[in-house]
Amino acid sequence: MHVEIDQDSGFCFGVTTAIRKAEEQLANSGSLFCLGDIVHNGRECERLRTLGLQTIDKEEFKHLQHVKVLLRAHGEPPQTYADAHANDIELIDATCPVVLNLQRRIKAEYDADTAHERQIVIFGKNGHAEVVGLVGQTNGTAIVIENFDDAQSLDFTRPISLYSQTTKSLQEFRRIVDYITCRMTEAGTADRFRYFDTICRQVANRIPNIRAFALRHDVVLFVCGKKSSNGKILYNECRQVNPHTHMVEQPSEIHSEWFTDARSVGICGATSTPKWLMEQCRDFVQTLVSSDTE
């Protein structure tokens with residue numbers, strides 16, 4: 001049985017940079033704080049914990065002083081930087097450049113609209129670290145819509161500026177744009193609607209690639225942390241084209257009966273999935289198949 005790892009899967013640029021910065025600091029000092037999980041993958045977080053990375057939450061962060069804290073790729077709201085300055089915390093800022101640019105665009109629009117008449121709308125997941133950072137650029141006034149249905153609750157008589165969390169579905173974003181355009185045209189306010197496609201192409205371009213990869217194999221293992229928003233999207237894309245797709249977080253979750261009569265197995269993952277974990281899953285599958293044939 002042929003087992004193949006998708007070469008396009010694995011860490012995106014932002015995650016790779018954040019982990020590299022963490023490893024460099026840990027090599028020098030042996031310890032480092034990180035505000036929130038550095039990546040939405042439990043196994044990678046555990047690996048870095050053994051190297052000295054300590055994950056903290058916002059409440060713990062507020063009580064720290066005179067230490068170094070890593071900001072992960074997801075980005076942070078302005079209040080985090082203010083708290084760091086007040087407590088003499090040295091920040092190692094690993095915010096993804098794509099996210100940082102998006103934060104700046106939203107802040108610039110919010111600051112320019114002094115009357116705050118315009119609705120700044122973010123298509124994203126409520127509570128997601130990136131979205132929290134984006135909403136923070138508007139002093140908490142931005143409206144978050146998680147899906148197409150949420151868009152129906154917007155006020156179409158007022159101006160709307162629509163942005164997106166960088167890892168959301170491009171197809172769903174376009175559907176929302178079409179819907180808002182239609183509703184505001186009906187209300188006679190179409191000229192007051194602006195939208196900005198801020199979805200990261202490094203993520204969006206993985207969808208056609210991963211669908212093609214899933215079609216090439218009898219069985220697909222999608223390796224992903226349970227917290228990964230991007231992982232859920234990519235897993236569903238695989239599942240749509242290949243119903244024999246299974247999501248696993250680690251090798252121990254793999255079952256031998258999945259591979260009955262399978263001639264090829266594809267292993268892929270999210271932008272938060274380390275290559276070493278996909279390789280462990282490959283080795284586990286090969287061991288399973290070998291033991292079944294003995």
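This dialogue reads the aromatic pairs, a sheet and the nonpolar cores of a predicted model.

Biologist: How many aromatic pairs does a search of the whole structure find?

Modeller: The search finds seven aromatic pairs. In one case, the ring centres of Phe 123 and Phe 173 are 6.5 Å apart with planes at 25°, so this pair is stacked. Phe 123 belongs to strand E6 (residues 119-123) and Phe 173 to helix H8 (residues 170-186), so the pair ties together parts that lie 50 residues apart in sequence.

Biologist: Are Phe 123 and Phe 173 buried or exposed?

Modeller: A residue counts as buried under 20% relative accessible area. Phe 123 has 1% relative accessibility and is therefore buried; Phe 173, at 2%, is buried as well.

Biologist: What kind of pair do the rings of Trp 258 and Phe 259 form?

Modeller: Planes over 60 degrees apart count as edge-to-face. The planes of Trp 258 and Phe 259 stand at 75°, with ring centres 6.5 Å apart, so the pair is edge-to-face. Both Trp 258 and Phe 259 are buried.

Biologist: Which residues do ring pairs link into a cluster?

Modeller: The cluster consists of Phe 148, Phe 156 and Tyr 179. In addition, the charged end of Arg 175 sits over the ring of Phe 148, at 3.8 Å from the ring centre.

Biologist: How should the sheet be read, and what is the order of its strands?

Modeller: Strands of a sheet pair through backbone hydrogen bonds, in either a parallel or an antiparallel manner. Here, four strands form an open sheet in the order E7-E6-E8-E9, and the pairing is parallel. Strands E7 (143-145) and E9 (193-195) stand at the edges with a single partner strand each, so one side of each has no neighbour in the sheet. From one strand to the next, the twist averages 25°. Three bridges join the parallel strands E6 and E7; Val 121 has Ile 143 in E7 as its bridge partner. Helix H8 packs on this sheet and touches E6, E7, strand E8 (160-164) and E9, while its direction makes about 175° with that of E8.

Biologist: Which residues have the most contacts inside the largest nonpolar core?

Modeller: They are Ile 145, Ile 160, Leu 162, Ile 176 and Ile 180, in a core of 19 residues. E6, helix H7 (148-151), E8 and H8 each supply at least two residues of this core, and H8 gives the most, with seven residues. Ile 176 touches residues including Phe 123, Ile 145, Phe 148 and Leu 162. Apart from this core lies another, of 17 residues, among them Val 248, Ile 267, Leu 277 and Met 278.

Definitions and conventions: Residues are numbered from 1 along each chain as its sequence is written. This is a predicted model: local features need pLDDT of at least 70, side-chain atom pairs count only at pLDDT 80 or more; totals for chains, interfaces and linings use all residues. Side-chain values use heavy atoms; hydrogens and water are left out. Rings of Phe, Tyr and Trp (its six-membered ring) pair if their centres lie within 6.5 Å; planes under 30 degrees apart count as stacked, over 60 as edge-to-face and the rest as tilted. Buried means under 20% relative accessible area, exposed over 50%, partly exposed in between (1.4 Å probe, protein chains only). A charge sits over a ring if NZ of Lys or CZ of Arg is within 6 Å of the ring centre and within 35 degrees of the ring normal. Two strands pair if DSSP finds at least two bridges between them. Axes are lines fitted to C-alpha atoms, for helices over the stretch in contact, and angles run from 0 to 180 degrees between N-to-C directions. Contact means heavy atoms within 4.5 Å. A nonpolar core is a set of buried Ala, Val, Leu, Ile, Met, Phe, Trp, Tyr and Cys residues joined through side-chain atoms within 4.5 Å. Lists of a residue's contacts leave out its neighbours within four places in sequence.
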